[in-house]
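Let's take a walk through this structure together, starting at the surface and working inward. Have the sequence and the 3D view open as you read.

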Amino acid sequence: MTEFVSPTRVDPPLRRPTDPTGLPGFLVRPARMAEGGTAEAPQAEAPKATAAPVQAVPEQANRAPATTAKVTPVQAAPQQVARPQAASQPTAEAPAQKVVPTDPPAAAPEAPGDATAKGAGAADPVTARATPDPEETVARGPEDPTLPGPIIEADRGPLRRKTPGLDGGDTGGRGSGDDGGGGGGGNGGAAPPRFHKRVGPEDYGRALRLGIRAVRRNMVMVLVLTCATNLLILAIPIYLFQISDRVLTSRSVDTLIMLTIVIVGAVILQAVFDAIRRFMLMRTAVEVAARLGAPILSAASAAALHGSGREYQTLGDLQQLRGFLVSGTLLSFLDVPFAPLFILAIFLVHPHLGMIVVGTSLALLVVTLINQRCTARSFAEANAAQSRANLHLESMARNSQIINALAMIPEAVRIWGRDTATSLTAQVKAQDRNIAASAISRAVRLLTQIAMLGWGAYLAIQGEITGGMVIAASIIAGRALSPIEGAIDGWSAYAMSRSSYGRITALLRNSRLQFERLNLPRPEGRLDVERLLYVPGGTKQVVLNGISFSLSPGDTLAIIGNSGAGKTTLGKMLVGSILPTSGNVRLDLMDLRNWDPRQLGENIGYLPQDVQLFPGSIKDNIGRMREDATDAQIYHAAALADVHEMIANLPQGYETVVAADGSPLSGGQKQRIALARAFFGDPRFVVLDEPNSNLDSAGDKALARAIQHAKKNKITVIVVTQKPSLLTAVDKIMLLGDGTIQMFGERMEVLKRLAGDKAPGGTPRMPGQGGAPRMPGPNGGAGK
Ligand SMILES: Nc1ncnc2c1ncn2[C@@H]1O[C@H](COP(=O)(O)OP(=O)(O)OP(=O)(O)O)[C@@H](O)[C@H]1O
């Protein structure tokens, strides 16, 4: 299975805690029924735990008093407690309605194409779990006083009870419709219930702090080793000094041997320490990349809600930072603080020589500062232009086919070349100055050594120091100045890494704290949209204005309207992929922003207008790249989108690998696989944006069946469409115009109002099909 970059949060597999097999619900159902009575008893005896979520939501309930009783999780709980008894009773009395669960192999050959059409057919895993099981009812006992609502356990989130009315499809319960849906447990059956493990909050600032702390911790050790290395560097000049001034004058072989042994030990130790600090820096770089990679990617994805996706480039910044941590430049920077120590040693040899080195160091410092000032802006320009070029490159890779087909290669290359050239020009400008600064610093260093030797010789002639001292001081001066020179050489790398670090910290610090959210019971699919306003960032264009409407669980709504009316934008907002400038989108009363994002995603299906599949197998794509997606769930979703037969005809079937451009699938096939992905896991609320734009008649039928299935299972569906054919499948229609609701109501009612603009043949003319639809008055029926 293709590895999918995972965010920092890792959710547990979608398995029942009591299900050691991990098989999907409908496969293990019979065994479960047998053990149901005992296995669930401990959970049923946790009334206190149930009380927690019940008390948690009244505030939400107050916001929409008219309908709270039906859908508020809080208030649904008592109903859930009562409902299974009521639901189980008729089922027990009417065993003929029981659907015997079947294995997928039995279902598989029959399911394609007619899985839904069979309705309550035994082979359909959807319906197999949709009917309450009398056996389970008997095992539990209809008089069971502890019958369930969702239970929130201390650290495992809401655990859905395995009662017929609550879990795994409660067609009976939901069929009545008026009981509030029983907490939204019904899902058509095949998907196992969700269990949400509570995980710590996604605090990017904390991840950054931990990353910095890891660097600091290692750096302390690296600094200790650097200190030791630099001290040991003094061994060679001292050795030279001792040889020339002591051994040669005393002609003592013993002293020579002793000194040589000591110096060899010091040099070996210095090499070992130096190697260890390099090892540590390398591991520090890896640790930083490992600690910050996932938070950066996660924060960049979150930031893409408001931005252009440019934040993804921050991962490149992390690479830059990692490279700097293992570079020689950093070692030079680390060695620079020890330069005063060497200068002190030279002072001890003779103050004049010390003064020469101090003067040189100051000169080098000035060169460094001038270099920094002269190159900073150019390096920043180079970075910015390189980012633009990279963005363009990514878009070229995505649109390679269009570029080829329309012979746009010269233009694409020109745009990339322009940004790259800007970047390179700025880099050359900065590097020119950098090279000049390096040359000056190197010349200064060499001149310093000449000055030291010359003046040292003079001092030796005057008898103030010995010849050995002159040579030793010259070597020490070289050691003192070389890290300064190295720092100047590597200034560009340092400047770029500093900018990278700035972008990383800005992203992680500015990202909204992803604090821990209560895992709610599975939503029923009630949607409340309140006064949505959307003005894209950096523009003054009002794309959506005052959009308010509500849908009950199981409602199907078609959004129609001319091109540019705001349909796609509204669809994106309804699934939380973009955030409104003001207003709220609530699923089961809770604002989308306040849902646990992972839980929300699992309960939402979305088919975007511009279908993109991930590079990976068809199986992975349908299963939303989840590692815990079961084969049964994937098959169920594929059967629902009627794509199983098409997949079966591919040489590798479900294991067929889809490339980044979607090949080898056709546009329609991609759309149907994306439809299967949208319905994967039986979400409670689905938005389909132009779902049939590429579909043939078979695809259209599959789509109608999927919508039918959604209706039957009380899944709320919104379809953005330009095609009249889909309107027959929906209950309600919304006409959007210039970002506002022009009409909203029951299908027939809206169609009648549109009928004033009839197309030949009596079909109401769709907006955008020539001629504007007749618009109602200012109070055009929009709203709840
Ligand atoms: N991020 C954005 N920045 C600027 N304008 C935007 C942005 N998003 C949407 N718009 C504008 O909002 C308007 C509505 O766009 P949207 O894609 O929602 O229309 P639509 O009704 O789905 O059209 P179509 O049927 O052609 O897909 C367009 O004029 C579009 O340019």
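Start with Arg-509, which counts as exposed because its relative accessibility is 55%. (Here, buried means under 20% relative accessible area, exposed means over 50%, and partly exposed is in between, using a 1.4 Å probe and protein chains only.) Before going further, keep in mind that this is a predicted model, where local features need pLDDT of at least 70 and side-chain atom pairs count only at pLDDT 80 or more, while totals for chains, interfaces and linings use all residues. Residues are numbered from 1 along each chain as its sequence is written, and side-chain values use heavy atoms, with hydrogens and water left out.

Arg-509 sits in helix α21 (residues 491–510). Helices (H or I, at least four residues) and strands (E, at least two) are DSSP runs, numbered from the N terminus. On the surface, Arg-509 joins Arg-206, Arg-209 and Arg-213 in a patch of positive charge. The largest share of that patch, three residues, comes from helix α11 (residues 204–233). Patches are built from residues with over 30% relative accessible area and no salt bridge, joining like charges within 9 Å and nonpolar side chains (Val, Leu, Ile, Met, Phe, Trp, Tyr) within 5 Å. Lys and Arg count as positive and Asp and Glu as negative, while His and the chain ends are not counted. The place of a charge is NZ of Lys, CZ of Arg, CG of Asp or CD of Glu.

There's a nonpolar patch on the surface too, with about 660 Å² of accessible area together; its members include Val-264, Ile-268, Phe-279 and Val-326. Those areas come from the Shrake-Rupley method with a 1.4 Å probe, and for residues only the protein chains shown count as cover. Ile-268 belongs to helix α13 (residues 253–303).

An unreviewed UniProt entry annotates "transmembrane region" at residues 219–243, 255–276, 325–346 and 353–370; such annotations may be inferred rather than shown by experiment. In the model, residues 255–276 are 100% helix and 0% strand, with end C-alpha atoms 31 Å apart. Residues 325–346 are 77% helix and 0% strand, and their end C-alpha atoms lie 31 Å apart.

Now for the salt bridges, each a side-chain nitrogen of Lys or Arg within 4 Å of a carboxyl oxygen of Asp or Glu. How many salt bridges are there by this rule? The count comes to 16. One of them pairs Arg-277 with Asp-274 (2.8 Å, N to O), and both residues are buried. They are three residues apart in helix α13, so about one helical turn separates them.

Another salt bridge links Glu-602 and Arg-626 (2.8 Å, N to O). Glu-602 lies in helix α23 (residues 597–602) and Arg-626 in the loop between α24 and α25, so this pair ties together parts 24 residues apart in sequence. Sharing partners, salt bridges also join Asp-274, Arg-277, Arg-278 and Asp-335 into one network.

That same loop, between α24 (618–622) and α25 (631–640), holds Arg-624. Its phi is near 55°, a positive value in a residue other than glycine. Next comes α25, which is largely enclosed by the rest of the structure because nine of its ten residues are buried. Among them are Ile-634, Tyr-635 and His-636. After α25 you'll meet Asp-642, whose phi is also positive, near 55°.
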